[in-house]
Amino acid sequence: MTGTDVERAAALRRMKMLATGLLGLMAVIFVVAFALQDTYPWLQYVRAAAEGGMVGALADWFAVTALFKHPMGLNIPHTAIIPRKKDQIGESLGQFVEENFLSEDVVRAKLDSARIAQKAGAWLTKPESADRVAAEGAALIRGMFTVLDDDAVQGVIESMVRKHLLDPPWGPPIGSIAERVFEDGHHHQLVDLLVDRAADWVDANYAVVTRVVAQRSPTWVPRLVDGVVGDRVHAELSKFIRAIQDDQQHDVRLAIDKYLRDLARDLQHKPETIAKAEEIKGQLLDDPRVRDLTARTWATIKTALLEAVNDPDSELTSKFKAAIRDFGARLTSDADLAHRVNLWIADGASYAVRTYRSEIAGVISETVGRWDAEETSRKIELQVGKDLQFIRINGTVVGSLAGLLIFSVAHAIFG
């Protein structure tokens, strides 16, 4: 028994003693008035009042006691109502709660008047509130990482990588994206960069060009001729690259554009090219590489998050707190956002009530059904027994007044 139950039991005992003491007082008054009424006729009125008070007190004592037990241990019909009807009471209580409290209209009306979004926004704008939310979030993340099994998580990541990255063919989606890129000309900047780098290399490697020409020429060609040919090759090569730089419609640029567009179409429609792309994918991401990638991905995510949440001054934590305060400020200042949030909350609560109202109410009937009959009676009596003792007291008072009134009317009529 809890401390609250002890206090309620003591208050119930006091009220029972008061009600019983009042019954005893009525009995004493009745005996005295009955014995002396012939000597003092006015005591007849006192006797009638005391008699009515005893009747009222006994009737209400019987009624109150019959709720929780058999009066005086006698198995009188329709007594000990709560122990006998415990299950029906639980079912009725659950049905009452379901019909009158777990109603969409009731829940939505209450949430509409509660203005939850505005109140939550005002609370979130406080720095200490943002700190608390961040601390609770950090505790949740730490707990989640403690519970999660690394191998299982890596298995999930690996299965997702295989399902969404490896199993689908790469050729058609890559070809579709590349086709749009090439059609819009976004690759021209990359071509410009490659041509510029080629021009810079040719300018900076005159000796390399002339040496390669000399190495490729026949041995019987004089060295002087090799030098002249190498110089000429370098000049023509530089001139050729400069022409590509200056002319956006150069044949080389157009050939590159055509090649890239053809490649994009082949990746989407040509089986040989699609198969080649799949072969390259298999070489790049074989099983050991995929497992290593998923392991390193999970380890990196886990380490980064734990370091961030364990440091209250980390950038992630600071930005999270700032985002919380900003969201709270928007909830208090943006009426449209607050309305949408309140609507989402009401819709969510309405869905929960509409879908699970029977299960929620069933908790009440199931809980009461598991209680012992005597324990149920005791629990209910502790909750309402003190107020029920006022019924006994009121019955005593009302019975006294009724007895006095009835005797007075009868005496006035019949003498």
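Guide: Helices here are DSSP runs of H or I with at least four residues, numbered from the N terminus. The model is a predicted one.

Visitor: In which helix is the place of T210?

Guide: T210 belongs to helix α11, which spans residues 206–216.

Visitor: Does T210 count as buried or exposed?

Guide: Buried means under 20% relative accessible area. T210 counts as buried because its relative accessibility is 17%. A polar atom of the T210 side chain lies 3.0 Å from the backbone oxygen of A207. Leaving aside residues up to four places away in sequence, T210 touches G230 and D231.

Visitor: How should one read the buried residues of a helix?

Guide: An α-helix has 3.6 residues a turn, so residues three or four places apart point the same way. In helix α6, residues 116–124, the buried residues are A117, Q118, G121 and L124. Viewed down the axis of α6, they fall within an arc of 130° and therefore line one face of the helix. Their cover includes α7 (127–147), α16 (315–333) and α17 (335–370).

Visitor: How many aromatic pairs does the structure hold, and how is such a pair described?

Guide: A pair of aromatic rings is described by the distance of the centres and the angle of the planes. The structure holds two aromatic pairs. One of them is formed by Y45 and F407, edge-to-face, with 5.2 Å centre to centre and 85° between the planes. This pair links distant parts of the chain, 362 residues apart: Y45 is in helix α2 (residues 43–68) and F407 in helix α18 (residues 373–414).

Visitor: Are Y45 and F407 buried or partly exposed?

Guide: Y45, at 30% relative accessibility, counts as partly exposed, whereas F407, at 17%, counts as buried.

How values were computed: Residues numbered from 1 in each chain as written. Predicted model: local features only at pLDDT ≥ 70, side-chain atom pairs only at ≥ 80, totals over all residues. Heavy atoms only, no water. Helix = DSSP H or I, 4+ residues; strand = E, 2+ residues; numbered from the N terminus. Buried < 20%, exposed > 50% of the residue type's maximum accessible area, 1.4 Å probe, protein only. Polar contact = N/O pair within 3.5 Å; in protein donor to acceptor, adjacent residues only side chain to side chain. Contact = heavy atoms within 4.5 Å. Arc of directions from axis to C-beta. Phe/Tyr/Trp six-rings, centres within 6.5 Å; stacked < 30°, edge-to-face > 60°.
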